[in-house]
Amino acid sequence: MMYQYRCACCNQVVLASDTTCPKCGSHHIRSPFGFWFFCCVACLVIAIGVTFGKLYLKHHPTDEGAPKTITDLLSSGKSQSLN
Ligand SMILES: [Zn+2]
């Protein structure tokens with residue numbers, strides 16, 4: 001199994017509920033999914049942030065006609081250069 005808690009000192013496989021290594025007594029238990037858990041949480045936070053940002057812009061529109069975002073600025077500049 002790849003996804004197992006292991007001791008950081010002696011690499012002994014330990015239970016997820018263990019806080020100390022039964023072999024060497026070390027408290028350094030490495031979590032197998034710490035990195036992936038962090039990635040998932042980061043993705044969720046970004047997705048929620050983008051969703052709420054879009055909702056906020058929808059319900060609180062800024063000045064009409066004025067470019068709101070960088071993409072608006074870029075697209076307006078593009079259309080002007082095409083004319
Ligand atoms: Zn150990």
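This report describes the fold, the sheet, one loop residue and the helices of a predicted model.

**Basis.** Residue numbers start at 1 in each chain and follow the sequence as written. Because the model is predicted, local features need pLDDT of at least 70 and side-chain atom pairs count only at pLDDT 80 or more, while totals for chains, interfaces and linings use all residues.

**Overall fold.** The chain holds two helices and three strands. Both kinds of element are DSSP runs numbered from the N terminus: helices are H or I with at least four residues, strands are E with at least two. Their sequence from the N terminus is β-β-β-α-α. The chain has 83 residues, and 2% of them count as buried. Buried means 20 or more other C-beta atoms within 10 Å of the residue's own; exposed means 12 or fewer; partly exposed lies in between, with C-beta atoms placed from the backbone. Among contacts with a separation of 6 or more, 17% link residues 24 or more positions apart. A contact requires C-beta atoms, placed from the backbone, within 7 Å.

**The sheet.** The three strands form an open sheet in the order β2-β1-β3, with antiparallel pairing. β2 and β3 stand at the edges with a single partner strand each, so one side of each has no neighbour in the sheet. Two strands pair when DSSP finds at least two bridges between them. β1 and β2 run antiparallel and are joined by two bridges. One residue pair can be named: R6 has V13 in β2 as its bridge partner. In general, strands of a sheet pair through backbone hydrogen bonds.

**A loop residue.** K23 sits in the loop between β2 and β3. Is K23 buried or partly exposed? K23 counts as partly exposed, because it has 13 C-beta neighbours inside 10 Å. Leaving out residues up to four places away in sequence, K23 touches C7, C10 and Q12. V13 is ten residues from K23 along the chain, and their C-alpha atoms are 9.5 Å apart.

**The helices.** α1 spans 37 Å from first C-alpha to last, close to the 38 Å expected at 1.5 Å a residue. That expected span is 1.5 Å times one less than the number of residues. α1 is hardly covered: of its 26 residues, zero are buried.

**Confidence.** pLDDT is the predictor's confidence in each residue, from 0 to 100. The chain averages 82, and 80% of residues score at least 70. The table gives the two extremes among the elements.

| Element | Mean pLDDT |
|---|---|
| α2 (residues 70–82), lowest | 67 |
| β2, highest | 92 |

Terms used: Contact = placed C-beta atoms within 7 Å.
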